[in-house]
Each structure stands twice: as structure tokens, then as C-alpha cells.
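Here is a protein model to explore together. Have a look at it first, and then we will walk through its inner spaces, its charged pairs and a few unusual spots in the backbone.

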Amino acid sequence: GEELKAVVGADVEIPYNIPGEELFFGEDSNVHRTVTTNVSQKDVDGKTVGPETTIGEWTGGNSMVFVVSGRKSDGTIFQEELPPSGSYGSDTRVQDVLDDIAELYGTEMVDIEMTNGLISVSDKIKGSSLLDFHLTASDSGSPSKTYSFIQSSFNGEVYNTEYDRTFFEKTGQNEFRGNMPQIVKESGAFADGSTRLVETAGVDSLENRQMTIEINQNTYTYTVPDTSDPDDDTTYREFFDAIESFINTETGNSDAVVKFDGHGRIVAKGTGLTGIRIFDNNADGDSKPAMLFNANNALTVDDPKHDFFAAIDEAIEAVENGLLYPDGTSDTLSRNPGIENALARIDHLIEHVGKEHTKIGAMSNSLQYAVERSETLKLNVQSLRSDVLDTDIGEATMKLNQLSLNYQAMMASIARVQNLSLVNYL
């Protein structure tokens, strides 16, 4: 994360490297976030559902109701039922449903399409990493059938209809990590300990809102304090301190650590910790959650914020397992985007590295120009110094010759005078 700089003048430094964090974990403001479901939809005949498939063909003649949950580009979290009243009839096309989903986000904000039975949502706003998506459906059959579009496995638990009340993924011995980066809505930067919870929330105020922390199957509740001064709103560090206290109480130890990783995701660790999930307890019934910590959400295809190594690892994993498209039915690969999507992300990485190389070229040119200016300045200074201090050979030679003639004349005069005596005079 550090720059190497060359001093090229008084208080003038020029960087000549690309920091590793910027190269491998950088951000591109011209990239659109794209997410995809991981359960391919089939109709009653086993054919892949597409945009022109009707609801009747899909369900075998029944109508359908959808529940859409997600987060918009501005950080607003929503949960809506489609259609708003009644249900989609058997003659309704899937494309009509996709259009209605797009309306929830704002048709000018997202692009939605269905390919190979999978639904992908792409944010039209460049540089935003907030877009999120979850979808379930049910038909009017007897008994009613539930359709899951996203299925994920976290810490041994499989989720298909649940959105935000999911257990953190186990990443090490007594260590668990959420999959939802905490991003400041206003700046788009990852949250840190000093960030206030409300700065990443989907609502304007979290006062008196209850967050449930389930630790080793036992439930603890954190209530966000009511403060009169917005600047005193609860920070993540204060929230983490409370979670650490809950973990220590549950495990009987005192070494719990809750922090952010390098990508804004919450990491919890402590001796005796066997599972943890954190969710907004006020999101019961028709109420939508205000905070997302871990979710059975759509898989990321591409994002302005990228992780070079994670993208390569996912691509390797997909190739080794022959996973062409996302497959939520796999317990171990449910969150892998598949080869096709991995290739799209690698294209982004190649473009990003190319941009960084361009920066290096510009830095090299700047440094070269600075060196040339320094060399020119050095020559000028040497010339001035020479004019002031160095000997003028021509002038010195003439002066030496003049002094030599004077000396010789003086010596000749002395010799003649030395030859004079009184006898010679007489």
C-alpha cells in the first residue's frame, strides 16, 4: 500500500511504482457491478426457462407470486412482492416479470436479463458496489410450490429462500467471516472502525433498532442507542466491542476479536466459537432489513472493487470442477460464479492491469523528464561555478608571460648593478 518516491528537487518527490494494494485490490470507477442467480430455472417439461417462457409453461398452468429483496445503487434496501396485488397469470411472460423487477430498482438504474435459466442484474451506475439482489417465488398449485433462485451453503447450513439471516462462512479455526462488505453510501469506501453504522445502513436512522447476534445457537441482542447528536451515533468499533463481549460470555473465554478484513467484511474469531450470524431483528414480516452482514444473495460477476487473487482462485476452482455456470445445488461450489463469469472478471483484471501499466509509463516519463531537468540544472550550476572559480587559461598564460619578462628584466638589471665597483668606476 506504499508508494516509492524519488526526490527530484527541493520538496519535490515523484512516485515511481504502483502500490500492490492498488494493483491487486484496486477499484475502477468505469466498471458496472453485475450479479447473477445460481439456480437455473426449468419448466415442467425440463426445458430451460427464458424471457419468452410463459408462467403457465413454467408452472404447468399455475399463477405465480414473486418476492424481491435487494439493495439499490444508492444503498436503499427494499423488499417487495410482485405483482403488488394478485398474481401473474399463466399467460404472463417471464420478460414481463423481469421488467417489473427492473421497475423496483428503477429502469434507468439497472439492466436485467435471463440467460440459461439464470437471472443477472447489472448496475447502470458506474463505480457503485452497493447493488444486491435476492428472489423467491411460489405458485398457486395445491400444494403451493416454492421456487428458489439463489442457494448458498454457509458453515454447513443450506439457504434457498432466506435472504439476510444466514450464518457467517467458516474461514479458519474458530474464525468466521460475513460476505457483505460494509460500504459507506456517500463515498463508496469500505467502512472502518470509526465509521458510524448509519453511514452504511439502508435507512436514515438506526436509533433503538435491534441487531440479533446468534452465537453457538444462543441469541444475544444489541440495541442501537438513541442519541441526540448524529455525530455520536454508534460506530462499528463500538458495535464490535459489544459482539466481542457476547462471544466471550458465550464461550467463557476472553480472546474474542471482531474486526474488518481488507474488503470491508466482518470477521469474528474466538476460542470456542462454532458459529455466528448477525442480522437486523426489526426486519420481521413486511419490514425490510436496514443492515446486511451476511446474505444468501446473488453471486458477484463483476464489481468496481476487485480482488485479483480471489478472482483467479475462483476461476481455477471452476475449471477444476468443470463448472461452466453457477450451480447453487453444489454444497462446496454454491458461491462460485462459474467459468463463463470468471472469464468476464478476468477480462476486467486484464483491463485494470493495463491501466496500471499506463500509469507506470506516465510515472517513468515524469521521472525521466525530472532527471533530464536535473542534469541540465547541474550543467548550468557547473558552468556558473566555473565562471566564478575556475582559471582562465589564456589570461593566466599572458599574465605569466608578462610576469616572466618583468622578472627577467629585473634579474638582468640586478646582474649589471652587481658588476659595478669603485675600481670599475675609477
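## Spaces inside the protein

Two cavities of 30 Å³ or more are counted here. A cavity is a set of points, on a 1 Å grid over the protein atoms alone, where a 1.4 Å probe fits but cannot get out, while a pocket is an open set with protein on both sides within 12 Å along at least five of seven lines; lining residues have an atom within 4 Å of a point. Grid points are joined across faces, edges and corners, and a volume is the space filled by probe spheres set on the points.

Before going further, please note that this is a predicted model, in which local features need pLDDT of at least 70 and side-chain atom pairs count only at pLDDT 80 or more, while totals for chains, interfaces and linings use all residues. Residues are numbered from 1 along each chain as its sequence is written, and side-chain values use heavy atoms, with hydrogens and water left out.

The largest cavity holds about 50 Å³ of space. Its lining includes Arg 71, Ile 77, Pro 181 and Leu 292, and the lining residues divide into seven nonpolar, three polar and one charged. In this sorting, Ala, Val, Leu, Ile, Met, Phe, Trp, Tyr, Cys and Pro count as nonpolar, Asp, Glu, Lys and Arg as charged, and the others, Gly among them, as polar.

The second largest cavity also has about 50 Å³ of space. Which kinds of residue line the second largest cavity: nonpolar, polar or charged? The lining has 10 nonpolar residues, no polar and no charged. Among them are Trp 58, Phe 66, Met 114 and Phe 149. Helix 3 provides the largest share of this lining, with four residues. Helices (H or I, at least four residues) and strands (E, at least two) are DSSP runs, numbered from the N terminus.

## The largest pocket

The largest pocket has a volume of about 1300 Å³. It is lined by 44 residues, and the closest to its centre are Asn 179, Arg 265, Ala 310, Glu 314 and Arg 345. Strand 10 (152–154), strand 19 (299–302), helix 5 (308–320) and helix 6 (338–389) are the elements that give two or more residues to the lining. Helix 5 gives the most, with four residues. By type, the lining divides into 12 nonpolar, 14 polar and 18 charged residues.

## Charged pairs

How many salt bridges does the structure hold? There are 19 salt bridges, each being a side-chain nitrogen of Lys or Arg within 4 Å of a carboxyl oxygen of Asp or Glu. Three of these pairs are set out below.

| Pair | N to O distance | Residues apart along the chain |
|---|---|---|
| Glu 27 and Lys 305 | 3.4 Å | 278 residues |
| Asp 280 and Arg 209 | 2.6 Å | 71 residues |
| Glu 314 and Arg 345 | 3.0 Å | 31 residues |

For the next part, buried means under 20% relative accessible area, exposed over 50%, and partly exposed in between (1.4 Å probe, protein chains only). Glu 27 counts as partly exposed because its relative accessibility is 45%, whereas Lys 305 is buried, with a relative accessible area of 15%. Both Asp 280 and Arg 209 are buried. Glu 314 is partly exposed at 22% relative accessibility, and Arg 345 is buried at 14%. Salt bridges that share partners also join Glu 22, Glu 356 and Lys 359 into one network.

## Unusual spots in the backbone

Most residues other than glycine have a negative phi, and most peptide bonds are trans. Against that background, a few places here stand out.

The peptide bond from Leu 82 to Pro 83 is cis, with omega near -10°. Pro 83 sits in the loop between strand 5 (77–82) and helix 3 (94–105). Another cis bond runs from Ser 142 to Pro 143, with omega near 0°, and Pro 143 lies in the loop between strand 8 (132–139) and strand 9 (146–148).

Asn 116 is not a glycine, yet it has a positive phi of about 55°. Is Asn 174, which has a positive phi of about 60°, buried or exposed? Asn 174 is buried, because its relative accessible area is 17%, whereas Asn 116 is partly exposed at 38%.
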